[in-house]
Amino acid sequence: MRTYEKKCRRCDGTGYFGSRGGCFGCGGNAQVPGTGYVTVRVLTPEEKAQNALELGARKAVADIATKYPGDPAFYALQGFTKLETQEPERFAKLIQSVANGRILQVFEALVCYGAECQH
Ligand SMILES: [Zn+2]
């Protein structure tokens, strides 16, 4: 991801907006003027593709979870979030497995992971 600064459109780069003092659009508030600039974040094509894959995997897991209501669905979704936040490398592999069509195996692994079973 790269970022760049762009003139704030709300205040046209002045940092002030209307009669309310500082511009909220670029980080100001009623007491403090804004910077007049906003940071624009641009994803690379690879990052966009990865985001799309992750979104697809999340949806696939949520979809299959509806077929196994109760504990399995709960543990799978919990496992998904836990893996994403705690083990990014394994999470990336999971995303790839879903992209390769192994959703059922992924779901079973997630149920186990979310439930912290011992195999
Ligand atoms: Zn502004």
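# A guided tour of the predicted model

Begin by selecting strand S2: of its 6 residues, the number buried is 0, so this strand lies largely in the open. Please bear in mind throughout that the structure on the screen is a predicted model.

**The paired strands**

Keep S2 (37–42) selected and add strand S1 (2–7). The two strands run antiparallel, and 6 bridges join them. To see one such pairing, select Tyr4 together with Val40 of S2, which is the bridge partner of Tyr4.

Next, select Val42, which belongs to strand S2. Is this residue buried or exposed? Val42 counts as exposed, because it has 10 C-beta neighbours inside 10 Å, and a residue with 12 or fewer is classed in that way. Now display Met1 and Arg2 as well: Val42 touches both, when residues up to four places away in sequence are not counted.

**The loop between the strands**

Move to Asp12, which is found in the loop between S1 and S2. Asp12 is exposed, because 12 other C-beta atoms lie within 10 Å and the limit for an exposed residue is 12 or fewer. Its backbone also deserves attention: the phi of Asp12 is positive, at about 55°, although the residue is not a glycine.

**The whole chain**

Now select the entire protein chain. How many helices and strands does it contain? The secondary structure comes to 4 helices and 2 strands. Followed from the N terminus, the order of these elements is β-β-α-α-α-α. The radius of gyration of the chain is 22 Å, well over the 14 Å that the globule rule gives for 119 residues, so the chain is more spread out than a compact globule. Along its principal axes, the C-alpha trace spans about 60 × 30 × 25 Å. Of the 119 residues, 21% are buried. Among contacts with a separation of 6 or more, 44% are between residues 24 or more positions apart.

Colour the chain by domain. The domain assignment gives domain 1 as residues 2–42 and domain 2 as residues 45–115. The centres of these two domains, taken over C-alpha atoms, are separated by 38 Å. To cross from one to the other, select Val42 and Ile95: they are 53 residues apart in sequence and 22 Å apart in space, C-alpha to C-alpha.

**Helix H2**

Select helix H2 (71–86). At 1.5 Å a residue, its 16 residues should span 22 Å, and its end C-alpha atoms are 21 Å apart, which agrees. Which residues of H2 are buried? They are Tyr75, Ala76, Gly79, Phe80 and Leu83. Seen down the axis of H2, these buried residues fall within an arc of 140°, so they line one face of the helix. An α-helix has 3.6 residues a turn, so residues three or four places apart point the same way. Add H1, H3 and H4 to the display, since the buried residues of H2 pack against these helices.

**Helix H3**

Turn to helix H3, residues 88–99. Its 12 residues should span 16 Å at 1.5 Å a residue, and its end C-alpha atoms are indeed 16 Å apart. Show the side chains of Leu94, Ile95 and Val98, which are buried in H3. Looking down the axis of H3, one finds its buried residues within an arc of 100°, so they too line one face of their helix. Against which elements do the buried residues of H3 pack? They pack against H1 (45–65), H2 and H4. Before leaving this region, select Gly101, which follows H3 and has a positive phi near 90°.

**The end of the chain**

Finally, select Glu116, in the segment after helix H4 (103–115). Glu116 counts as exposed, because it has 10 C-beta neighbours inside 10 Å. Its phi is near 55°, a positive value in a residue other than glycine. Then select Cys117 together with Asp12: these residues are 105 apart in sequence and 57 Å apart in space, C-alpha to C-alpha.

Definitions and conventions: Residues numbered from 1 in each chain as written. Predicted model: local features only at pLDDT ≥ 70, side-chain atom pairs only at ≥ 80, totals over all residues. Buried ≥ 20, exposed ≤ 12 C-beta atoms within 10 Å, placed from the backbone. Domains from an automatic or database assignment. Rg over C-alpha atoms; globule rule 2.2 N^0.38 Å. Contact = placed C-beta atoms within 7 Å. Pairing = 2+ DSSP bridges. Expected span 1.5 Å × (residues − 1). Arc of directions from axis to C-beta.
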